[in-house]
Amino acid sequence: MENIYDLIIVGAGPAGLAAGVYGARAKMKTLILEKGTIGGMAAKTTEIVNYPGIPKTSGEKLGEVMSKHAEKLGATIVRDSIRTVELNGEIKILKSRRKEYKARSVIFATGTRPRVLGIPGEVDFKGSGVAYCATCDAEFFSNQEVIVVGSGDQAIEEGMFISKYASKVKVIVLHDEGVLDCNRLSAEEAFKNPKIEFIWNSTLDEIIGDESVERVKVKNLKTGNITDIPCKGVFFFVGMIPNTEFLEETELKLDKRGHIECDSLLNSSISGVFVAGDVREKYLKQVITAAADGAIAAVAAEKYLEEMNIYINRIKDKNVAIGFWNSLDSDGLKYLSEKEKELRENDVDDFIYVDIRKNKHLAKFFNKENIDSPELVINK
Ligand SMILES: Cc1cc2nc3c(=O)[nH]c(=O)nc-3n(C[C@H](O)[C@H](O)[C@H](O)COP(=O)(O)OP(=O)(O)OC[C@H]3O[C@@H](n4cnc5c(N)ncnc54)[C@H](O)[C@@H]3O)c2cc1C
């Protein structure tokens, strides 16, 4: 028999694993697909101290505990990378290079990755001096000089962290002296830090070295002068990119930066497809908010499946009337109950009430999600 999952979650970071816990607990047949590290980006963080109830852990450990929890409740975790998807039908199809997976609902929890600027030397020295994660790599630069590229919250906060190890942190900033893109408190702290130095009005032009980074060329945007600065490491903190390239050719709506668009219940633009974690645009991208998203998306997926079950068992191929109404409109209910009496006598075998506020998926399925007054659909 064909293996069709109730729920497939793409990504086993905190969002995907939390969705796995909630999905499996709700007795949905749940599969989590992960192309890289179980635990996601958080697993690359050596210290997590802000997840409530766990005063201190490593991201790797947290990922391990979360994945065991999901598995214990019945979720299956498989290592595979999804490359193409077909999402529009009742059954969603996800394809990797070697396999095809089918599900009645999907949660994309594919997270983000650091932006690569493509500066000469950046890719060549990745892992040999070029880094994107302070908590993972700062220690390797103990008592050495490093460069930080970027001036947003992440750059300045990570720069402060690196300064615990490095002898000097030189931050390259595009803007005029004193202007950073981070919050004021972090800026004040950074200005007071004797190990942090700012190189204003500048960009990184090139990273040079033999086996690993030895120096960089920095260009002053006002004078055009290029300065050679010796250093052992270059940390890039210039933003994160959502992992959604494989969704670009689909009908799933992405914003201009590539995040998957969704509503507050984490419904994407396609019925039965949900979003969780850093892959959506939001105010705070952290483990706790990713996990919270996973829970919401899984519960929303469960509700979607319940409504689709009504469609499959009571509507599809049946002689039924469906009365769409808004539960705030009591006259609508009166109107529909009169219609029910009439129609049940001769015309239909069943009459189904769909409250468009509560049964949003069924309402959307029939394009009735925004009606002002009750409407009837006869399905024959
Ligand atoms: C340096 C650094 C330090 C951080 N420190 C903290 C901290 O101390 N506390 C905190 O709360 N947060 C921290 N964060 C943020 C936290 O890591 C993220 O908010 C969180 O990991 C987001 O979870 P997620 O599940 O949405 O995505 P991710 O953790 O990014 O997981 C997404 C997963 O999806 C997988 N995936 C992507 N595409 C596919 C595909 N096509 N097929 C299969 N799998 C796919 C990826 O391999 C990845 O494992 C830190 C982030 C960074 C970069």
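This report covers the overall fold, the ligand site, the nonpolar core and two residues with positive phi in a predicted model.

**Overall fold**

The chain folds into eight helices and 20 strands. Its C-alpha atoms fill a box of roughly 90 × 45 × 40 Å along the principal axes. Of the 380 residues in the chain, 49% are buried.

**Ligand site**

The shell around the ligand has 35 residues. Ala15, Glu34, Met41, Asp278 and Val287 come nearest. By type, the shell splits into 14 nonpolar, 14 polar and seven charged residues. Among the polar contacts of the ligand are three to backbone atoms, listed here.

| Ligand atom | Protein partner | Distance |
|---|---|---|
| oxygen | Thr37, polar backbone atom | 3.4 Å |
| oxygen | Ala42, polar backbone atom | 3.3 Å |
| nitrogen | Ile82, polar backbone atom | 3.0 Å |

On its own, the ligand has 1000 Å² of accessible area, and the protein covers 91% of it. Three elements give two or more residues to the shell: α1 (14–25), β2 (30–34) and α6 (287–315).

**Helix α6 and the core**

α6 contains 29 residues. From first C-alpha to last, α6 reaches 41 Å, close to the 42 Å expected at 1.5 Å a residue. Asp317 follows α6 and has a positive phi, near 60°.

The largest nonpolar core holds 48 residues. Within this core, the residues with the most contacts are Ile32, Ile107, Ile315, Ile322, Phe324 and Phe366. At least two core residues come from each of β1 (4–10), α1, α2 (59–72), α6, β18 (320–325), β19 (350–355) and α8 (360–365). α6 gives the most, with twelve residues. Thus α6 supplies the core and also lines the ligand shell. The general pattern is that nonpolar side chains tend to be buried together in soluble globular proteins.

**Two positive phi values**

Asn201 is not a glycine, yet its phi is positive, about 50°. Asn201 sits in the loop between β11 (196–199) and β12 (202–209). Its relative accessibility is 15%, so Asn201 counts as buried, the cut-off being under 20%.

Leu266 is likewise not a glycine and has a positive phi of about 65°. Leu266 lies in the loop between β16 (240–242) and β17 (273–275). Leu266 counts as buried because its relative accessibility is 1%.

Terms used. Residues are numbered from 1 along each chain as its sequence is written. This is a predicted model: local features need pLDDT of at least 70, side-chain atom pairs count only at pLDDT 80 or more; totals for chains, interfaces and linings use all residues. Side-chain values use heavy atoms; hydrogens and water are left out. A residue is near a molecule or strand if one of its heavy atoms lies within 4 Å of it. A polar contact is a pair of N or O atoms within 3.5 Å; within protein, one must be able to donate a hydrogen and the other to accept it, and residues adjacent in sequence count only if both atoms are side-chain atoms. Accessible areas come from the Shrake-Rupley method with a 1.4 Å probe; for residues, only the protein chains shown count as cover. Helices (H or I, at least four residues) and strands (E, at least two) are DSSP runs, numbered from the N terminus. Ala, Val, Leu, Ile, Met, Phe, Trp, Tyr, Cys and Pro count as nonpolar, Asp, Glu, Lys and Arg as charged, and the others, Gly among them, as polar. The expected span of a helix is 1.5 Å times one less than its number of residues. A nonpolar core is a set of buried Ala, Val, Leu, Ile, Met, Phe, Trp, Tyr and Cys residues joined through side-chain atoms within 4.5 Å. Buried means under 20% relative accessible area, exposed over 50%, partly exposed in between (1.4 Å probe, protein chains only).
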